[in-house]
Amino acid sequence: MGRNTYESIGRPLPGRQNIVVTSSSLKREGLEICRSISEAVETARREVFFIGGVSVYAEAVNLCQRVYETVVQGEFICDRFLPFDLLEGFLLYNTEDIWAGDRWVTFNEYRRANEPA
Ligand SMILES: NC(=O)c1ccc[n+]([C@@H]2O[C@H](COP(=O)([O-])OP(=O)(O)OC[C@H]3O[C@@H](n4cnc5c(N)ncnc54)[C@H](OP(=O)(O)O)[C@@H]3O)[C@@H](O)[C@H]2O)c1
């Protein structure tokens, strides 16, 4: 995750390796700090999930075989937007609507068009 995403969460996420990319001197127990996406990938011990924000998604999507998208139904004021071509080269593989108590949430899984079956 990027530094801003980490700061918006405010703590390491439990039960997984937390890698933050930043040029800053951020340090905290439970975080591993990397200077680039490629360093982060080398540091990862298991399957890698890129969890944002915008610049991390934009750079890392080229390394990804799958994209898991959660669409929260409703109208919101937003200050971050995904690049419009982020899903170029991906196909919608699965979609599921869940009633979350007060609104519908849609989970979409995209896979690379050329991913082996
Ligand atoms: N809805 C979602 O799925 C979702 C997901 C994630 C985040 N968010 C939200 O989006 C906001 C944060 O996103 P954001 O786009 O502003 O920021 P971000 O990508 O989380 O963080 C940007 C910072 O991360 C570091 N960084 C990014 N790419 C890097 C790279 N390739 N190499 C080294 N450092 C790199 C830099 O930190 P330094 O400036 O320290 O060098 C950069 O300023 C938050 O409000 C968060 O809650 C939403």
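## Overall architecture

Let's start with the building blocks: the protein contains three helices and five strands. Please keep in mind that this is a predicted model. Following the chain from its start, the elements come in the pattern α-β-β-α-α-β-β-β.

For a sense of scale, the C-alpha trace covers about 40 × 40 × 25 Å along its principal axes. The protein has 117 residues, and 11% of them are buried. As for how contacts are spread along the chain, take those between residues at least 6 apart in sequence: 41% of these join residues at least 24 apart.

## Two domains

The domain assignment splits the protein into domain 1, residues 1–64, and domain 2, residues 66–117. Measuring tape aside, how far apart are the C-alpha centres of domain 1 and domain 2? They lie 20 Å apart. Six residues from domain 1 and six residues from domain 2 take part in the contact.

What kinds of residue does domain 1 bring to the side that touches domain 2? There are five nonpolar residues and one polar residue on that side, and no charged ones.

## The ligand shell

Now for the part you may want to look at in your viewer. The ligand is surrounded by 21 residues, and the closest are G2, N4, T5, G52 and G53. Two elements give two or more residues to this shell, namely α1 (3–9) and α3 (54–60).

Which classes of residue make up the shell around the ligand? Sorted by class, the shell holds 11 polar, six nonpolar and four charged residues.

## The open sheet

Three strands come together in an open sheet, in the order β3-β5-β4, with antiparallel pairing. At the edges are β3 (66–72) and β4 (90–99), each of which pairs on one side only. On average, and with direction ignored, neighbouring strands of this sheet are turned by 20° against each other.

One pairing can be followed in some detail. Strand β5, residues 104–112, pairs with β3 in the antiparallel sense over seven bridges. If you would like a spot to zoom in on, V72 stands opposite V105 in β5.

## Putting it together

Here is a short recap to keep beside the model. The assignment gives two ranges, domain 1 (1–64) and domain 2 (66–117). Around the ligand, α1 and α3 are the elements that supply two or more shell residues. In the open sheet, the order is β3-β5-β4, and β3 and β4 are the edge strands.

Key:
Residues are numbered from 1 along each chain as its sequence is written. This is a predicted model: local features need pLDDT of at least 70, side-chain atom pairs count only at pLDDT 80 or more; totals for chains, interfaces and linings use all residues. Helices (H or I, at least four residues) and strands (E, at least two) are DSSP runs, numbered from the N terminus. A residue is buried if 20 or more other C-beta atoms lie within 10 Å of its own, exposed if 12 or fewer, and partly exposed in between; C-beta atoms are placed from the backbone. Two residues are in contact if their C-beta atoms, placed from the backbone, lie within 7 Å. A residue is near a molecule or strand if its C-beta atom, placed from the backbone, lies within 6 Å of it. Ala, Val, Leu, Ile, Met, Phe, Trp, Tyr, Cys and Pro count as nonpolar, Asp, Glu, Lys and Arg as charged, and the others, Gly among them, as polar. Domain bounds come from an automatic or database domain assignment. Two strands pair if DSSP finds at least two bridges between them. Axes are lines fitted to C-alpha atoms, for helices over the stretch in contact, and angles run from 0 to 180 degrees between N-to-C directions.
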